[in-house]
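Please open the structure in your viewer and keep the selection tool at hand. The tour below proceeds one selection at a time and states what is to be found at each stop.

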Amino acid sequence: MSCLRNQIVLRVPCAKYGIKDSHQYLKEHQGFISWNEGSFAPSLASLEEKYIDYIIHDQPLQYSDYEPFQNEVYHLTKSEKERYRPIFQKIIPDINMDDVHECRSCWYDGVEAPDIY
């Protein structure tokens, strides 16, 4: 059964780094795939594996008082780029943090997440 959920991810496009299969790439670089907060995952935004997401926040809304997010994209601040660079370098050593965007979305998890970047 699907549920409405708020999600905040830091998203990087696979094509910029020559990543053709995000599932395989993440298995090779972190040994597992998880869709939990604080982990990298293939983006649920596209079946074409366009992005890798670092999940910051994932909240089902059925039983919470949270309001749904709007689907929005933000550029990272200088301090956010510095804070998250070591995390991204674990899977993409030559990461350009200008390629990483914060994506906030609200969607039903029984369908693809919004394809925003």
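Begin by selecting strands S1 and S5, which run antiparallel and are joined by 8 bridges. The model on the screen is a predicted one. Within this pair, locate Ile 8, which stands opposite Arg 104 in S5. Now colour S5 by burial: of its 8 residues, 6 are buried, so S5 is largely enclosed by the rest of the structure.

Keep S5 selected and add S4. These two strands also run antiparallel, and 4 bridges join them. Here His 75 is the residue to find, as it stands opposite His 101 in S5.

**The whole sheet**

In what order do the strands of the open sheet stand? Select the 5 strands together, and the order reads S2-S3-S1-S5-S4, with antiparallel pairing. Strand S2, residues 40-42, and strand S4, residues 72-75, are at the edges; each has a single partner strand, so one side of each is left without a neighbour in the sheet. Rotate the view to follow the turn from strand to strand: neighbouring strands of this sheet are turned by 35° against each other on average, direction ignored. While the strands are displayed, a general point may be kept in mind: in a regular strand, side chains alternate between the two faces of the sheet.

Next, zoom in on S2 and its pairing with S3, the strand of residues 51-60. The two pair in the antiparallel sense over 3 bridges. Select Phe 40 to see one bridge position, where the partner in S3 is Tyr 54.

**The helices**

Select helix H2, residues 78-89, which packs on the sheet and touches S1, S2, S3, S4 and S5. The direction of H2 makes about 110° with that of S3. H2 has 12 residues, and the distance from its first C-alpha to its last is 16 Å, close to the 16 Å expected at 1.5 Å a residue.

Which residues of H2 are buried? Show the side chains of Glu 80, Tyr 84 and Phe 88, which are buried in this helix. They cover an arc of only 60° around the axis, which puts them on the same side of H2. The buried residues of H2 pack against S1, S2, S3, S4 and S5.

Turn now to helix H1, residues 22-30, which lies across S2 and S3 and runs at about 155° to S2. In H1, the side chains to display are those of Ser 22, Tyr 25, Leu 26 and Gln 30, which are buried. They cover an arc of only 95° around the axis, which puts them on the same side of H1. The buried residues of H1 pack against S2 and S3.

**A loop residue**

Select Ile 95, whose place is in the loop between H2 and S5. Is Ile 95 buried or exposed? Its relative accessible area is 6%, so Ile 95 counts as buried. Setting aside residues up to four places away in sequence, Ile 95 touches Val 12, Tyr 17, Arg 85, Phe 88, Gln 89 and Val 100. Draw a distance from the C-alpha of Ile 95 to that of Tyr 17: the two residues are 78 apart along the chain, and these atoms are separated by 8.2 Å.

**The cysteines**

How many disulfides does a search of the whole structure find? The search finds 0. Select Cys 3, which is in no disulfide; the nearest cysteine sulfur is that of Cys 106, 9.7 Å away. Cys 3 lies in the segment before S1. With a relative accessible area of 12%, Cys 3 is buried. Its contacts, not counting residues up to four places away in sequence, are Pro 60, Gln 62, Trp 107, Tyr 108 and Asp 109. For another distance, join the C-alpha atoms of Cys 3 and Asn 36, which are 33 residues apart in sequence and 16 Å apart in space.

The final selection is Cys 14, which is also in no disulfide; its nearest cysteine sulfur, that of Cys 103, is 13 Å away. Cys 14 counts as buried, at 1% relative accessibility.

Technical notes. Residues numbered from 1 in each chain as written. Predicted model: local features only at pLDDT ≥ 70, side-chain atom pairs only at ≥ 80, totals over all residues. Heavy atoms only, no water. Pairing = 2+ DSSP bridges. Axes fitted to C-alpha atoms, helices over the stretch in contact; angles between N-to-C directions. Contact = heavy atoms within 4.5 Å. Buried < 20%, exposed > 50% of the residue type's maximum accessible area, 1.4 Å probe, protein only. Disulfide = S-S within 2.5 Å. Expected span 1.5 Å × (residues − 1). Arc of directions from axis to C-beta.
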